[in-house]
Amino acid sequence: MRLDLQARAAPSRTIAIAGPILALLAAMLIGAAVVALLGKSPAEAFMAYFVAPLSESWSLQALAVKASPLILIAVGLSFCFRANLWNIGAEGQFTVGGLAGGWLALATRDGAYQGTFGGWWILPAMLVLGAMGGVLYALIPAILRVTLGVSEILSSLMLVYIAGYGLDYLVRGPWRDPQGFNFPVTANFDPEATLPSLIADGRLHAGILLTVVAVLLAGLVLSRGMFGFEVRLFGTAPKAARFAGFSERALTLAVFAISGGLAGLAGIAEVSGQIGQLQPSISPGYGFTAIIVAFLGRLSPFGIVLAGLVLALTYIGGEGAQVSMKLPLDLTGAFQGVLLMCVLAADVFTRYRVRLVREA
Amino acid sequence: MNPDFVQLVLITVVTAATPLAIAAIGELVAERAGVLNLGVEGMMIVGASVGFAAAYLSDSTLLGALAGTVSGVAMAGLFAFLVIGLAANQVASGLALTILGGGLSGLIGAGFVGQKRTAAPSLSIPGLTDLPGFGRLVFGQDMFVYAGIALIAAVAYGLARTRAGLTLRAVGDNHQSAHVLGFPVLRIRLLAVLFGGGCAGLAGSYLSLAYTPFWSPGMTAGRGWIALALVVFASWRPWRVLAGALLFGGATVLQLHAQALGVGLPGQLLSAVPYLATVLALVLLSWRNRRGAAAPAMLGAPFIADR
Amino acid sequence: MVNWFRSAATMALSLALVGSAGAAEKMKVGFVYVGPVGDFGYSYQHDLGRQYLQQQMGDQVETTFLENVPETDSGRAFEQLARSGHKLVIGTSFGFMYPELKIAKSFPNVKFEHATGYKRSPNLSTYSARFYEGRYIIGQIAAKMSKAGVVGYVGSFPIPEVVSGIDAFMLGAQSVRPDMKVKIVWVNSWFDPGKEADAAKALLAQGVDIIAQHTDSAAPLQEAEKAGKLGFGQSSDMSRFAPKAILTSIEDNWGDYYVGETKAVMDGSWASKDTWGGLAAGMVKMGPYVNMPDDVKKMAEDTEAAIKSGKLVPFKGPITKQDGTVAVKDGEVMPDKEILGLNWYVKGIDDKVPQ
């Protein structure tokens, strides 16, 4: 017996909407079974994971803060993935963005260079530097690909670790806080270098606005602009795209720059808005999780927002379940894995008819 | 330099290289068949927890290693169902597999935290193992080391010299023509992916049964990712996997030996060596072969038979 | 006027609290760990402390924990606990310092505790253990037991806690054997069993016959056992991992502290302070002294007793730095603040602190 896939003439709209919902339900059923096996109430777990985080203002803010970098990175990646280019190094571009912007924050600390102009320019400059850092770092695999044909999947992945060790070196060495008792962290950023809170005493910081703008812009570009058309054409029919006179090189560089830039921006927003200093690790794997978010969201900006929020919900719900039900953290990891697999599987049904056939 | 000291250093290099080599040789087979499985780390960590749990319960290292291998195969089966059965995206599925593996291994291993076993026994051949200078290095390793070398030899021979190997490479280089020639593309890929999972599971159980004989969450500490780099570094050639594993394993271990000798080396730089070397290897390979011909041409592309 | 308002409000609030604190109301205590509780090291020991608290206080408390919390995400974890009715919230990693400080400010009615940090606020206490006291003892044992006269030391990161541990170890060793040598290998990780094992192997290849460690896993000790050499346990009694090699363990013991703080919150006597307890306070405990002759055991027990009673102070002068300058004059004691920021080796250590 084997599975037989037959391409649909056009992706099925009904399944495109029903698929992810069914996948979520399937994952929940599997999760419920495991929870029951652990001797806890599945209904209570459902409340803790999916309802409780949505019922309070603070946890909604936490949700937005957690989802924001995921969405920002994933929106950028969707340009790459639509063009069938596989930038899986967003984690590294995030790190370099945080480093580049963080450098300025450290250089201007304690009011340095603020005499003549004041401090208003620091934050915007940090964001620009962060985005630039991400762009430049993402261009390495892009340039290697267009000049030498190096697989961008592998080179971008390797660069993640190189960036990570670079950050580790700087934070433990030259950039370490001289007043910090030798601990491997930089000094705290000045208020001028910190993204402000949007709500007094709340978690919501101005970095969220960057994400909102990026999502709206991406939606506009992808649906209306010529560039969006070009990206899609290269992804679905590269020959036709070349025939139409589009440059594959220029496109590769462009989509890598976009995804790297947004990842870098997410990095500096996280460092400036959330952490307030540089540390040996500034990301709990946002760059990798965002790849999955991009797929869950079917590479559309609106879908990505939804997917980012769902994934963030499982993190926050998972913490809630640890507190209220003493469910182990590993359960959340396993559940996320199962959920992603279900969605990936469901995705296939929108593009293909799947039948189980007996071996002929 | 004292030959005994050199031998001791080389033994540690071999131990550090073994899990990388075993995991990488499995991934190499999957990639030569055209499937990129980024879930090596996830399969390894499940192999480590299941391997330890089984060995602890059965009191047998061999059964543990076997169970670890089987658990890797099972994880790979899940992955294969998605990417081969349903033609899902390989990058995303592999990452999902890693996330799942991290959680699953924690749940399985939770009951075994703080338990210990004696390490897998080392080979001891009277007369040979005691040979000065190289006896322990050549004749005194544990079974995983020899199994790893045997695996690499078998894969090298199989890929180059057997019909099955030829078919596998054909599938990885051009699945359409392989299909037209009548090869069962999907079945070959399935077997290659399962083999890769088994190797990753075995490599994981090596960590919890021989390297440091206990279970601990996250004990793979990124070795699955290094194994992925290693396949590329080796330009998809089996014997180069062995050489690369010794180099990558050596980079970490020699840094520690240098410290013990009182020579300080920048730790982060040496830790980054595997990745830097891999990027460099990628560039050099592509330079020579133009258009990235070193990689299997179908790497990452799903196959759907159209009829 | 404003003050009057405030105190009235506080009074109303405390009345409301008393009112709601019915007979069977449990006090909730929450913990935030940086690692998995399954690390069998640092986070595991804190969780043992939590379990001890639960067992001691029975029905009076309910304890919860969040494990494997990345430092960048810890603010949310603290807020989660503070909002879900926890009256005492405990963060156990240095990296939680600023996030916890910030959340403590937003929740003045919740008491916070932060391990190994140095920033306090009216409702945030800090606490840590003087592990270096234990290291002084194992230094003495190592000096007595080593035939080679060289000890291997597996370090995590060259932060003051670890550096002061190495210094205390050597001061102890030199007190019984002035020419004692130490070789140090940094693995740049708190927890990577494979790398820790490799580091121990590298040291053993250099001819050391005792392994001391300041990393979390039992791997270095196991390597010592495999090589037929000796070693020390870290965080918990690790004798089961290496019954033949282990000499003793420096155990973290947080349970009593947690019980004390919880009771203080309950009876209203809790106040923000810094606690840095050692052997005398029971925050550091020595495991059984085994695999050593009776005279060495006696010496270790005597030293332990002397440190407990305050007769012996590990960082008491004269202490000379590597470059020969006097760090602590004869008869003087190094101030705590200096120990907490220690970044130099004492004379006799033939190595450099990595910068």
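This report walks through chain A, its contact with chain C, the domains and loops of chain C, and the nonpolar core of a predicted model.

## Chain A overall

Let's start with chain A, which is mostly a matter of helices to look at: DSSP gives 13 helices and two strands. Its C-alpha atoms fit a box of roughly 75 × 60 × 35 Å along the principal axes. The radius of gyration is 22 Å, and a compact globule with 360 residues would come in near 21 Å, so the two agree.

On burial, 56% of the 360 residues of chain A count as buried. As for sequence range, take the contacts in chain A with a separation of 6 or more: 80% of them join residues 24 or more positions apart.

## Where chain A meets chain C

The contact between these two chains uses 22 residues from chain A and 28 residues from chain C. On the chain A side, the elements giving two or more residues are α3 (57-82), α10 (248-275) and α12 (301-325). Of these, α12(A) gives the most, with five residues.

What is the make-up of the side of chain A that touches chain C, by class? There are 10 nonpolar, nine polar and three charged residues on that side.

## The two domains of chain C

Chain C is assigned domain 1 (23-129) and domain 2 (131-252 + 286-340), the latter in two segments. Taken over C-alpha atoms, the centres of these domains of chain C are 29 Å apart.

Where the domains of chain C touch, nine residues of domain 1 are in contact with 11 residues of domain 2. Helix α2 (residues 42-57) of chain C supplies the largest share of the domain 1 side, three residues. By class, that side of domain 1 has four nonpolar, four polar and one charged residues.

## Backbone oddities in chain C

A few loop residues in chain C are worth a click. The peptide bond from Gly317(C) to Pro318(C) is cis, with omega near 0°. Pro318(C) sits in the loop between α10 (294-309) and β13 (319-320) of chain C.

Then there are two asparagines. Asn68(C) has phi near 55°, a positive value in a residue other than glycine, and Asn291(C) also has a positive phi, near 55°. Asn68(C) belongs to the loop between β2 (61-66) and α3 (74-83) of chain C, while Asn291(C) belongs to the loop between β12 (284-286) and α10 of chain C. Which burial class does Asn68(C) fall into? Asn68(C) has 23 other C-beta atoms within 10 Å, so it is buried. Asn291(C) has 18 other C-beta atoms within 10 Å, so it is partly exposed.

## The nonpolar core

In soluble globular proteins, nonpolar side chains tend to be buried together. Here, the largest nonpolar core has 342 residues. Those with the most contacts inside this core are Ile73(A), Ile291(A), Val293(A), Ala24(B), Leu230(B) and Val241(B). Helix α9 (residues 185-211) of chain B makes the largest contribution to this core, 17 residues. The core also takes at least three residues from each of domain 1 (23-129) and domain 2 (131-252 + 286-340) of chain C.

For a close-up, try Ile73(A). Setting aside neighbours within four places in sequence, Ile73(A) is in contact with Ala90(A), Phe94(A), Leu262(A), Ala263(A), Ala266(A), Tyr286(A), Gly287(A) and Ala290(A).

Note on methods:
Residues are numbered from 1 along each chain as its sequence is written. Chains are lettered from A and ligands numbered from 1 in the order in which they are written. This is a predicted model: local features need pLDDT of at least 70, side-chain atom pairs count only at pLDDT 80 or more; totals for chains, interfaces and linings use all residues. Helices (H or I, at least four residues) and strands (E, at least two) are DSSP runs, numbered from the N terminus. The radius of gyration is taken over C-alpha atoms; the globule rule is 2.2 Å times the number of residues to the power 0.38. A residue is buried if 20 or more other C-beta atoms lie within 10 Å of its own, exposed if 12 or fewer, and partly exposed in between; C-beta atoms are placed from the backbone. Two residues are in contact if their C-beta atoms, placed from the backbone, lie within 7 Å. Ala, Val, Leu, Ile, Met, Phe, Trp, Tyr, Cys and Pro count as nonpolar, Asp, Glu, Lys and Arg as charged, and the others, Gly among them, as polar. Domain bounds come from an automatic or database domain assignment. A nonpolar core is a set of buried Ala, Val, Leu, Ile, Met, Phe, Trp, Tyr and Cys residues joined through C-beta atoms within 7 Å.
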